[in-house]
Amino acid sequence: MGSRERRHRIAFAVSLLIPPGLLAGCTYEYIEPGHPPTRGTEPLNKPTSEPAGEAASAPVYVDPLVLEREVKNYGELDRLLKAVPGPAILFEEGPLDGPVRGFGATEQVPAAGEYIVTAACVGATGATVSVGQEYPGAPFRPVELALDCDGATSQVIALEQGYVFAHLVLTGPGDTPWTGAVDGVRVTGAVPAADEGGR
């Protein structure tokens, strides 16, 4: 699921590389009865296309070099997260900055037990991932993993049967520069209690 969303985000970012003049069309403003036009005396149904000189000077947010760096960072992130063996019950990744940053996921925990949560980030100095469960009447205490982006961080946590959530804790304003930094989390299968004692 995380890799499918990542492909959609990359496809969206690539679509932003198309020059605005190629996508220009017409917009129409519908005036509700009793409300004056919001654009003064401008004609309604005015085409939004601009002369080529003005469209060329419009700032383009998507940088192909940053997009390429982000794709490489996702490859390294996959390697770090998948280094911990075992079937994953939750696997999610997302960008740390840029036009669409952050991630959040909820998945079913098949049985109560101890699970391994692995989180990592690539291309930044740090990040925080929150993982937990919420039940009526129980205190809400998610586990927060503080990452320094030098490698993966793993922790064993106890989960009950039900749903577990994981999300990137976003700090700072939403208009941070896009650098291609990425983050992810993976929750792997229950840790068997018998095997721990026998090893």
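Here's a quick tour of this protein chain, from its overall layout down to its disulfide and its nonpolar cores. Keep in mind that the model is predicted. The protein chain has four helices and eight strands, and one disulfide turns up in it. Much of the story below comes back to strand E3, where seven of the ten residues are buried.

**Overall layout**

- Reading from the N terminus, you meet the elements in the order α-α-α-β-β-β-β-β-β-β-β-α.
- The chain has 199 residues, and 33% of them count as buried.
- Take the contacts between residues at least 6 apart in sequence: 79% of these join residues at least 24 apart.
- About 11,900 Å² of the protein chain is exposed, with carbon and sulfur atoms supplying 58% of that area.

**The four-stranded sheet**

- Four strands make up an open sheet, lined up as E2-E7-E4-E5 with antiparallel pairing.
- Its edges are strand E2 (104-109) and strand E5 (143-147), and each of these pairs on one side only.
- On average, neighbouring strands in this sheet are turned by 20° against each other, ignoring direction.
- Inside the sheet, strand E4 (residues 127-132) and strand E7 (residues 162-168) run antiparallel and are joined by four bridges.
- If you want one of those pairings to look at, find Val-129, whose bridge partner in E7 is Leu-168.

**Strand E3 and its partner E6**

- E3 is largely enclosed by the rest of the structure, because seven of its ten residues are buried.
- Seven bridges hold E3 to E6, and the two strands run antiparallel.
- Within this pairing, Ala-119 sits opposite Thr-153 in E6.

**The disulfide**

- Cys-121 and Cys-149 form the disulfide, with their sulfur atoms 1.7 Å apart.
- The torsion about their S-S bond is about -110°, so this disulfide is left-handed.
- Cys-121 belongs to strand E3 (residues 113-122), while Cys-149 lies in the loop between E5 and strand E6 (153-159), so the pair ties together parts that are 28 residues apart in sequence.
- Are the two cysteines buried or exposed? With a cut-off of under 20% relative accessible area for buried, Cys-121 makes it at 0%, and Cys-149 makes it at 13%.

**The nonpolar cores**

- As background, nonpolar side chains tend to be buried together in soluble globular proteins.
- Here the largest nonpolar core has 24 residues, and the members that touch the most others are Val-129, Val-131 and Val-185.
- Strand E1 (88-95), E2, E3, E4, E5, E6, E7 and strand E8 (182-190) each supply at least two residues of this core.
- Which strand gives the most to this core? That's E3, with four residues.
- Another core, of seven residues, lies apart from this one, and its members include Leu-77, Leu-80, Leu-81 and Val-182.
- Back in the largest core, Val-131 is a handy residue to zoom in on: leaving out residues up to four places away in sequence, Val-131 touches Val-117, Pro-142, Val-143, Ile-157, Val-164, Phe-165, Ala-166 and Val-185.

Methods: Residues numbered from 1 in each chain as written. Predicted model: local features only at pLDDT ≥ 70, side-chain atom pairs only at ≥ 80, totals over all residues. Heavy atoms only, no water. Pairing = 2+ DSSP bridges. Axes fitted to C-alpha atoms, helices over the stretch in contact; angles between N-to-C directions. Disulfide = S-S within 2.5 Å. Buried < 20%, exposed > 50% of the residue type's maximum accessible area, 1.4 Å probe, protein only. Contact = heavy atoms within 4.5 Å. Areas by Shrake-Rupley, 256 points an atom, 1.4 Å probe, with all protein chains shown as cover. Core = buried A, V, L, I, M, F, W, Y, C linked by side-chain atoms within 4.5 Å.
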